[in-house]
Amino acid sequence: MKPRSSCSPSISRALLVLLLCCLCGSVARSQTADSCTSTTALAAVSRLIPFDTSNLTCFDAWTSQGFIVRYGKSGQNNTWSFVLSAPDGGGYISVGFSSDGAMVGSSAVAGWTTASGAGVAKQYRLGGTSPGSCPPDQGSLALVPGTTLLVAQSSRLYLAFQFTAAQPPPPYLIYAVGPSGAQLSNNYLVRHRSYASAAVDYDTGVASSASGAGAFNTKKWHGAMAGLGWGVLMPVGVALARYFKRHDPFWFYAHVSVQGVGFVLGTAGVVAGFKLDDDVPGADSHQALGVAVLVFGCLQVLAFLARPDKGSKVRRYWNWYHHYVGRAAVACAIANVFIGLSIAHEAAALSAFYAIFLAVWVLASVVLEVRLWRTARSSH
């Protein structure tokens with residue numbers, strides 16, 4: 001008597017179908033994947049790209065988002081070829097070229113698929129963070145006509161373009177991913193869902209790790225702490241010491257407290273600033289002024305610790321020193337806030353907001369100064 005199989009024919013067929021499905025899924029995933037070590041994925045779309053992609057340098061541009069950049073140069077006519085490969089997340093993908101690592105002010109090429117599945121690719125001048133400041137078909141890249149396109153293949157997008165340039169492209173690449181399903185009115189770019197930047201050596205093909213939110217937050221923390229500490233609290237502390245001495249000892253403790261908090265915040269902002277990339281226009285002067293303000297602040301702390309008694313003969317000279325070093329620190333800090341906002345390409349609203357604060361501070365100082373002068377005059 002033959003033993004019965006523990007598996008019925010129907011179960012065996014089901015297992016066979018499941019195995020085939022897993023195998024097909026594995027093959028499909030290998031076909032949709034793209035990497036610098038395999039040219040299979042690019043070869044599938046190379047016939048749709050109107051330039052040679054066989055000898056392009058490749059590097060992993062933005063690992064967390066699956067971005068891959070391929071580029072090359074034709075020595076005969078100074079033509080640069082780029083192909084950006086990225087997963088199709090339902091939004092646009094873009095790569096920008098920046099001289100200072102900032103997105104605002106750079107030129108970028110972005111591509112996406114329409115509802116009908118057609119690919120769209122355009123150059124943009126990134127003038128700000130709002131859609132109206134990112135007009136299509138503008139920018140500094142001399143694109144070669146007929147070579148800018150987007151190809152969708154196996155759940156990936158391939159953004160290809162060429163441009164002519166006698167010199168190597170700007171040293172920073174800016175990557176961005178658009179929000180899924182966003183409608184681009186008149187092809188104006190909406191705000192990105194995520195972005196990153198990286199420095200690239202086009203001669204060696206070596207790119208630094210793409211930095212997105214971390215570098216972004218460091219820059220924001222640097223600006224917020226240094227601006228609030230040096231640019232806001234320090235002028236307020238000076239006003240407290242100058243115009244509220246009749247409220248003794250309130251003015252002294254208020255002055256020391258405000259200046260102390262401002263010094264701590266400003267110092268933390270300077271420390272954060274040293275972690276940022278200084279290879280940007282204006283960074284040297286911004287850094288020099290920042291260090292000068294920090295030195296002035298340290299001198300004021302030392303002066304406070306070495307403050308002589310009111311009856312001391314040197315108290316008059318100490319007062320001169322303390323007042324003029326403090327005023328120099330305030331002047332440098334105010335100038336440096338505007339320089340920093342300009343370097344960071346921040347929105348004009350921030351500069352206007354700080355200018356309004358300064359106008360109110362100056363106006364209040366003038367009114368209080370007149371009041372102080374009249375009080376002193378009437379007392380004589």
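Visitor: How many bridges join strand E9 to strand E10?
Guide: This is a predicted model. Strand E9 covers residues 172-177 and strand E10 covers residues 194-201. The two run antiparallel, and tyrosine 172 stands opposite alanine 199 in E10. The number of bridges joining E9 to E10 is six.

Visitor: Which strands are the edge strands of the open sheet of six strands?
Guide: The sheet has antiparallel pairing, in the order E6-E5-E4-E9-E10-E11. An edge strand pairs on one side only. That leaves strand E6 (119-125) and strand E11 (206-207).

Visitor: Which residues have the most contacts inside the largest nonpolar core?
Guide: This core has 29 residues. E9 and E10 each supply at least two of them, and so do strands E1, E2, E3, E4 and E8. Another core, of 15 residues, lies apart and includes Met234 and Leu358. In the largest core, the residues with the most contacts are Phe67, Phe82 and Tyr175.

Visitor: Which alanines does tyrosine 175 touch, not counting residues up to four places away in sequence?
Guide: Its contacts include the aromatics Phe59, Trp62, Phe67 and Tyr195. Val69 and Val95 are also among them. The alanines are Ala61, Ala196, Ala198 and Ala210.

Visitor: Where in the chain are the two cysteines of the disulfide?
Guide: The structure holds one disulfide. It joins cysteine 36 to cysteine 58, S to S 2.0 Å. The link is left-handed, with -75° about the S-S bond. The pair links distant parts of the chain, 22 residues apart: cysteine 36 is in the loop between helix H1 (9-32) and helix H2 (40-46), and cysteine 58 is in strand E1.

Visitor: Is cysteine 58 buried, partly exposed or exposed?
Guide: Buried would need under 20% relative accessible area. Cysteine 58 has 22%. So cysteine 58 is partly exposed.

Visitor: What kind of aromatic pair do phenylalanine 59 and tyrosine 71 form?
Guide: Both residues are buried. Phenylalanine 59 lies in strand E1 and tyrosine 71 in strand E2, so the pair ties together parts 12 residues apart in sequence. The ring centres are 6.2 Å apart, with 65° between the planes. Planes over 60 degrees apart count as edge-to-face, and this pair is edge-to-face.

Visitor: Over which ring does the charged end of arginine 327 sit?
Guide: A charge over a ring must be within 6 Å of the ring centre. For arginine 327 the distance is 5.2 Å. The ring belongs to tyrosine 324.

Key. Residues are numbered from 1 along each chain as its sequence is written. This is a predicted model: local features need pLDDT of at least 70, side-chain atom pairs count only at pLDDT 80 or more; totals for chains, interfaces and linings use all residues. Side-chain values use heavy atoms; hydrogens and water are left out. Two strands pair if DSSP finds at least two bridges between them. Helices (H or I, at least four residues) and strands (E, at least two) are DSSP runs, numbered from the N terminus. A nonpolar core is a set of buried Ala, Val, Leu, Ile, Met, Phe, Trp, Tyr and Cys residues joined through side-chain atoms within 4.5 Å. Buried means under 20% relative accessible area, exposed over 50%, partly exposed in between (1.4 Å probe, protein chains only). Contact means heavy atoms within 4.5 Å. A disulfide is a pair of cysteine sulfur atoms within 2.5 Å. Rings of Phe, Tyr and Trp (its six-membered ring) pair if their centres lie within 6.5 Å; planes under 30 degrees apart count as stacked, over 60 as edge-to-face and the rest as tilted. A charge sits over a ring if NZ of Lys or CZ of Arg is within 6 Å of the ring centre and within 35 degrees of the ring normal.
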